[in-house]
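I set out to record how the helices of this chain pack and what fills its interior. The entries below follow the order in which I looked things up.

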Amino acid sequence: ALTLQILAQVRLIEVLRRSIQRQTNQLRALLFRIYPQALSLFGKLTAQINLHFLMAYPTAQDAQSLSRASFEDFCRKHRYGRTDLISRRYAHLMEPAPQASPIAVAAYRDPIRILAELTLIHVHRRTDALSCLDQLFTQHPDAFIFDSLPGAGELLAPALLAKFGDHRDRFPTSNSLQALAGTCPVTQQSGKRKFVFFRRGCDREFRRIAQQFARASTRQSGWASAYWHELRPRCRSNSDAYRRLANRWLAIIWKMWQDRKAYDETYHLQQRALRRQPKS
């Protein structure tokens, strides 16, 4: 039951992420058209203070009517931590810029405000879902295994746990797991002829999670980064290289999962060195 709850939260977070991305793209398109000053006012467009500002001041004319004191009050109210940048933000807002036609401003004022409000709601819901996911994940007896993976973080560690599941006998070999995740290709052989195909019949959600983890691991695992750079010249794309790295990672995680052991990079590097030694 706990594993199923974790999987449900992971899927909810992905739905919210896609909604935030879609609404942010729509909002950015409108801002480019009539209100470009707001695009980089407080950093990322999805920052909560940015969305609150667009809800309160959805047009350039609304924003430029602000006094310096009012702008500082707004920043304090929303707990903006970069007090050293407030003057620069205000100056950016007041810089001369091409003005959209009054008709366009009037037409898009409400859509900007509503899109900012909807995006903020989804940002809050995603934050709540991540908090709930963390509480569920820490209760799981296998959490320590996936939490030890380099680069997995607050989302990918529970996502991998949910896709592996509880039943070790479901995946008697790492090959069965890799086939379900779609990280290994399909090989067909007849006589001397051999064909290797991209695996389409798989759990695509599992493949996406595995590839995302493989990409994240290259920033924290030395061997993973070296392996990816070694693979990349022989691969058709970055995605292909990350999928192959994910295939290698799944074999490692499967062994950890079966033995109920946390990941140890030093031990893994020692085992790689032993396998590379010539056999006498």
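**Entry 1: H8 against H10**

I began with the handedness of one helix pair and found that H8 and H10 cross in a left-handed manner. I note at the outset that the model is predicted. H8 covers residues 153–164 and H10 covers residues 204–217. Their axes are 10 Å apart, and the packing angle is about 140 degrees. Angles over 145 degrees would count as roughly antiparallel; I therefore recorded H8 and H10 as oblique to each other.

I then listed the residues in contact. H8 contributes Leu156, Ala159, Leu160, Lys163 and Phe164, and H10 contributes Glu205, Phe206, Ile209, Gln212, Phe213 and Ala216. Sorted by class, the contact of H8 with H10 has 8 nonpolar, 1 polar and 2 charged residues.

**Entry 2: the nonpolar cores**

Next I asked which residues have the most contacts inside the largest nonpolar core. They are Phe146, Leu149, Phe164 and Trp249, in a core of 50 residues. At least two core residues come from each of H1 (2–34), H6 (102–139), H7 (143–147), H8, H9 (174–181), H10, H11 (222–231) and H12 (238–259). The largest share, 11 residues, is supplied by H12. Another core, of 35 residues, lies apart from this one and includes Leu31, Leu41, Leu45 and Leu66.

I looked up Phe164 in more detail. Not counting residues up to four places away in sequence, Phe164 touches Phe146, Arg170, Phe171, Leu177, Phe206, Leu250, Ile253, Trp254 and Trp257.

**Entry 3: the loop between H8 and H9**

I checked two residues of this loop, beginning with Phe171, which is placed between H8 and H9. Its relative accessible area is 4%, so Phe171 is buried. Beyond its neighbours within four places in sequence, Phe171 is in contact with Lys163, Phe164, Ser176, Leu177, Leu180, Trp254, Trp257 and Gln258. I also noted that Phe171 and Gln139, 32 residues apart in sequence, are 23 Å apart in space, C-alpha to C-alpha.

Gly165 lies in the loop between H8 and H9. Is Gly165 buried or exposed? Its relative accessibility is 11%, and Gly165 therefore counts as buried. With neighbours within four places in sequence left aside, its contacts are Thr3, Asp142 and Trp257. From Gly165 to Phe74 the C-alpha to C-alpha distance is 47 Å, with their positions 91 residues apart in sequence.

**Entry 4: H2 against H4**

I turned to a second helix pair, H2 (residues 48–56) and H4 (residues 68–77). The angle is about 135 degrees and the axes are 11 Å apart, which makes H2 oblique to H4. The crossing of H2 and H4 is right-handed. Ile49, His52 and Phe53 of H2 meet Phe71, Phe74 and Cys75 of H4. I counted 5 nonpolar residues, 1 polar and no charged in the contact of H2 with H4.

**Entry 5: positive phi angles**

Finally I looked at backbone angles. Most residues other than glycine have a negative phi. Arg79, not a glycine, has a positive phi of about 55 degrees. Arg79 is in the loop between H4 and H5 (86–94), and its 77% relative accessibility means that Arg79 counts as exposed.

Arg260 likewise has a positive phi of about 55 degrees without being a glycine. Arg260 lies in the loop between H12 and H13 (265–276). With a relative accessible area of 51%, Arg260 is exposed, the cut-off being over 50%.

Conventions
Residues are numbered from 1 along each chain as its sequence is written. This is a predicted model: local features need pLDDT of at least 70, side-chain atom pairs count only at pLDDT 80 or more; totals for chains, interfaces and linings use all residues. Side-chain values use heavy atoms; hydrogens and water are left out. Axes are lines fitted to C-alpha atoms, for helices over the stretch in contact, and angles run from 0 to 180 degrees between N-to-C directions. Helices (H or I, at least four residues) and strands (E, at least two) are DSSP runs, numbered from the N terminus. Angles under 35 degrees count as roughly parallel, over 145 as roughly antiparallel, 65 to 115 as roughly perpendicular and the rest as oblique. A crossing is left-handed if the near helix is turned anticlockwise from the far one by less than a right angle, and right-handed if clockwise. Contact means heavy atoms within 4.5 Å. Ala, Val, Leu, Ile, Met, Phe, Trp, Tyr, Cys and Pro count as nonpolar, Asp, Glu, Lys and Arg as charged, and the others, Gly among them, as polar. A nonpolar core is a set of buried Ala, Val, Leu, Ile, Met, Phe, Trp, Tyr and Cys residues joined through side-chain atoms within 4.5 Å. Buried means under 20% relative accessible area, exposed over 50%, partly exposed in between (1.4 Å probe, protein chains only).
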